[in-house]
Amino acid sequence: NYDFNLQHVYRSLSYLSKEMDNIQKELFDNSNKVIDRNYKIIYYDCTNYFFYTEENDFQRYAISKQHQPLPLVQMGLFMDADGYPFAMNINPGNTSETKTMIPSEKEFLDKYNMNGKNIIVCTDAAMCTDEIKNFNIKDGRGFIITQSIKKISQDLQDFALDKSGWRILGNIKDIYNLEEIENDPKKREEYYNTIFYKEVECETKSVNQTLIVTFSFKYQDYQHKLKSHQLERAKKLVLEINKKNKNVKKKKDVQKIKITKNQNDPKRFIKEVQTTDTGEVACNIEYLIDNEIYENEEKFNGLYGITTNLINDTKTIIKVMKNKWEIEESFRIMKDEFDSGTVYLSREDRIKGHFITCYLSLFIYRYLEHQLNDKYTVHEIVSTLQQ
């Protein structure tokens, strides 16, 4: 029975914080003696955590992943191809995600003696910048980065939306037309789970790259269903607010809908119409559904974009992207199973000390998961450990 209280645990975090970089380095070196670390592919992603305290120099107001403006701390996590944490960084919540990746990458390439190793870095569309791409074509490195089809040039959008010229992995002979398959119920059912792809070489200001576009009927249906639900929620909100505003006499009593462009928010399908310039009377403000936005988004259902400098290796690229979900799962494990976000800390050193314990816990969990032949869920493993 150890004789210590919660405040003693908090104080210990300050000491862990001082050794955060060394702990990550020692874990990497020692784990290589026990397991065969597969670091040919490195995944990177960011998330943020809300701490139950006031805003300060480190916990800054920013938009959380749940789209709420809260005082946040941001975590950037590198993960290897087997799901083991590889390196991490902790930053104030309002830090731009694109500025966090290269400094951490430079640090672990140097500390882990990985300069000149042919690693492939895989990350999401938030990191789709020329600077990150340019850094990851040096010394034999490669990049695979998600690309939003809606944000590419018009000629590349036309290429992606063209129903002709699609291929299937492993079949270099046949070329498919998606419109023909779509119009034939039997064929659509046959190819429902198939991933089609097409590719084109293109350039940014400083990088030669390939754009790979994939398409799936299953993913198309999933996105259509999701957006249909969001549209229905938007319609209900419009009816509710318009009804409330109909009989309002004073301008200050008018209820407004905060229009957003966020891709996960139903309010992006709403537009505000004012029938007079003054807007003094409540009934002059009305909300409508913007069907043009909805119809434009529907065009892109089923499509997924990837940019890479790995020319002529589509099979590897798509395989790498399939495993990308594991880094998102790692964040979920830390938040849900380790309860890493329910913390009452405000000092930067103790916050960093807290996250190094989460990092170590995630590593131990992944090790157990693989030693148990991936037969058990995270909840089963964590519950058993707690018992």
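**Exercise 1. Is Asn-136 buried or exposed in this predicted model?**

Solution.
Step 1. Take the relative accessibility of Asn-136: it is 0%.
Step 2. Recall the cut-off: buried means under 20% relative accessible area.
Step 3. Asn-136 therefore counts as buried.

**Exercise 2. Place Asn-136 in the chain and describe its surroundings.**

Solution.
Step 1. Find the flanking elements. Asn-136 sits in the loop between α4 (130-135) and β6 (142-147).
Step 2. Set aside neighbours within four places in sequence. Asn-136 is then in contact with Met-101, Glu-105, Val-121, Arg-141, Gly-142, Phe-143 and Asn-309.
Step 3. Look for a polar contact. The side chains of Asn-136 and Glu-105 make one, at 3.4 Å.

**Exercise 3. Explain why strand β1 is largely enclosed by the rest of the structure, and find its partner.**

Solution.
Step 1. Locate β1: the strand covers residues 41-50.
Step 2. Check burial. Nine of the 10 residues of β1 are buried, so the strand is largely enclosed by the rest of the structure.
Step 3. Look for bridges. Four of them join β1 to strand β5 (residues 120-123). The two strands run parallel.
Step 4. Pick out a facing pair. Ile-42 is opposite Val-121 in β5.
Step 5. Link back to Exercise 2. Val-121 is also one of the residues in contact with Asn-136.

**Exercise 4. What is the sign of phi in Asn-113, and what is it in Asn-373?**

Solution.
Step 1. Start from the general rule. Most residues other than glycine have a negative phi.
Step 2. Read Asn-113. Its phi is near 55°, a positive value.
Step 3. Read Asn-373. Its phi is about 60°, also positive, and the residue is not a glycine.
Step 4. Locate Asn-113. This residue is in the loop between α3 (101-111) and β5.
Step 5. Locate Asn-373. This residue is in the loop between α12 (348-371) and α13 (378-386).
Step 6. Add accessibility, with exposed meaning over 50%. Asn-113 has 59% relative accessibility, so it counts as exposed. Asn-373 has a relative accessible area of 56%, so it is exposed too.

**Exercise 5. Where does Asp-162 lie, and how far is its C-alpha atom from that of Glu-179?**

Solution.
Step 1. Find the loop. Asp-162 lies between α5 (154-161) and β7 (166-168).
Step 2. Classify its accessibility. With a relative accessible area of 37%, Asp-162 is partly exposed.
Step 3. Compare chain and space. Asp-162 and Glu-179 are 17 residues apart along the chain. Their C-alpha atoms are separated by 9.4 Å.

Terms used
Residues are numbered from 1 along each chain as its sequence is written. This is a predicted model: local features need pLDDT of at least 70, side-chain atom pairs count only at pLDDT 80 or more; totals for chains, interfaces and linings use all residues. Side-chain values use heavy atoms; hydrogens and water are left out. Helices (H or I, at least four residues) and strands (E, at least two) are DSSP runs, numbered from the N terminus. Buried means under 20% relative accessible area, exposed over 50%, partly exposed in between (1.4 Å probe, protein chains only). A polar contact is a pair of N or O atoms within 3.5 Å; within protein, one must be able to donate a hydrogen and the other to accept it, and residues adjacent in sequence count only if both atoms are side-chain atoms. Contact means heavy atoms within 4.5 Å. Two strands pair if DSSP finds at least two bridges between them.
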